[in-house]
Amino acid sequence: MASEQLRSYRIAVIPGDNVGKEVIPEALKALRAATRRTGPALEFTPFPWGADHYLATGEVMAPDGLVRLAGFDAILLGALGDPARVPDHVISWGLMQQLRKQFDLYINLRPIRQLPGVRSPLATLTGLDLVVVRENSEGEYAGVGGRLHAGTPHEVALQTSVFTRHGTERVMRYAFELARSRGKQRKVTSVTKSNAMNYSMVFWDQIFQEVAREYPDIQTEKYHVDAMSMYLIQRPATFDVIVASNLFGDILSDEAAAIHGGIGLAAGANLNPERRFPSMFEPIHGSAPDIAGRRQANPVAAVLAACLMMEHVGEADTAGLLRAAVEEVLAAGEVCTPDLGGTATTVAMGDAIAAAVERLG
Ligand code: IPM
Ligand code: MG
């Protein structure tokens, strides 16, 4: 097993703000327990970036932050934002959008699979297993625009969407490849709004059609985002891979997470599929300042983010063990945080997951 001992990964850890700082230690606890069983060595390097750093230095992350992060195998992020002290867009553009754009993390992958023992707000939910493939580098969040005549009666704000052929083709292609490799319904659903957005979304539809021709074995469908937000509630299990623009994917992935039991359970991967830069893994929930400090945050999403990270670096056994441990704890239903109807603290739930890892490993 000598070769196994050589597997080691350098992980940059950015706990961030509020509940980010509470859930990340639980993810690390589960990861440590899992890798003790499965072999790989993980070296965690913390970066204390976010609102506190901004208030102390005027920068959300260090000026050489991207250079420092570039050498890591992956980045694990908690959650960012502390709106009472720093405007959200300052934090988001100072770190998250920087990483997504500069590291070309153009896929935001958000798998939503029904978990055992978790109650959905939909009484009849069964068989939900979908992935939102959200374009993560341009579109409505390209950051192009400006404000003009500030403070005057003819003040103007422009926020321009940017859809490039390169950016649109690659996200579509990723979605089709994923539908093929998942081998489930073998279907890609494209989310559009081409009836109203007569340039960008007509273009989006056109590229979807073009790329679909390369994948005759994959079924396709497309819905306008308003209808899609309804179908996701009415028949969520009929979806397999959903491909959406930055804005639509952002909204629909929160909706899908809520349907499967809450955003405290859903993780996302910000991927550079070519691996030219480290990819970033995070719970999809925010920093939840309303519950921060109360030890109530659910650590499952952070543990599942770690699970996606291990899958990405090629440690499927570790990922499988983490996932199995989460499922065991949720299925037992004895230790659960308030969002799941229980009274357990973040740490108690993290302990239960780590104990399950040790039992199952
Ligand atoms: C997400 C978040 C971010 C986004 C915010 C914090 C800017 O909502 O990752 O989904 O919309 O990209
Ligand atoms: Mg979001």
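**A tour of ligand 1 and helix α9**

Start at Arg 100: one of its polar side-chain atoms sits 2.6 Å from an oxygen atom of ligand 1, a polar contact being a pair of N or O atoms within 3.5 Å; within protein, one must be able to donate a hydrogen and the other to accept it, and residues adjacent in sequence count only if both atoms are side-chain atoms. This is a predicted model, in which local features need pLDDT of at least 70 and side-chain atom pairs count only at pLDDT 80 or more, while totals for chains, interfaces and linings use all residues. Residues are numbered from 1 along each chain as its sequence is written, chains are lettered from A and ligands numbered from 1 in the order in which they are written, and side-chain values use heavy atoms, with hydrogens and water left out.

Select Arg 110 next: a polar atom of its side chain lies 3.0 Å from a ligand 1 oxygen. Then take Asp 250, where a side-chain N or O atom is 2.7 Å from an oxygen of ligand 1. The protein covers 70% of the 320 Å² of accessible area that ligand 1 has on its own (Shrake-Rupley method, 1.4 Å probe).

Now show the whole shell (a heavy atom within 4 Å): Ser 92, Gln 97, Arg 100, Arg 110, Arg 134, Tyr 141 and Asp 250. Helix α5 (residues 88-102) gives the largest share, three residues; helices are DSSP runs of H or I, at least four residues, numbered from the N terminus.

Move to helix α9, residues 246-259. Among its buried residues (under 20% relative accessible area, 1.4 Å probe, protein chains only) are Phe 248, Leu 252 and Ile 259. Finish at Gly 261, just after α9, which has a positive phi of about 135 degrees.

Technical notes:
Helices (H or I, at least four residues) and strands (E, at least two) are DSSP runs, numbered from the N terminus. The expected span of a helix is 1.5 Å times one less than its number of residues. Buried means under 20% relative accessible area, exposed over 50%, partly exposed in between (1.4 Å probe, protein chains only).
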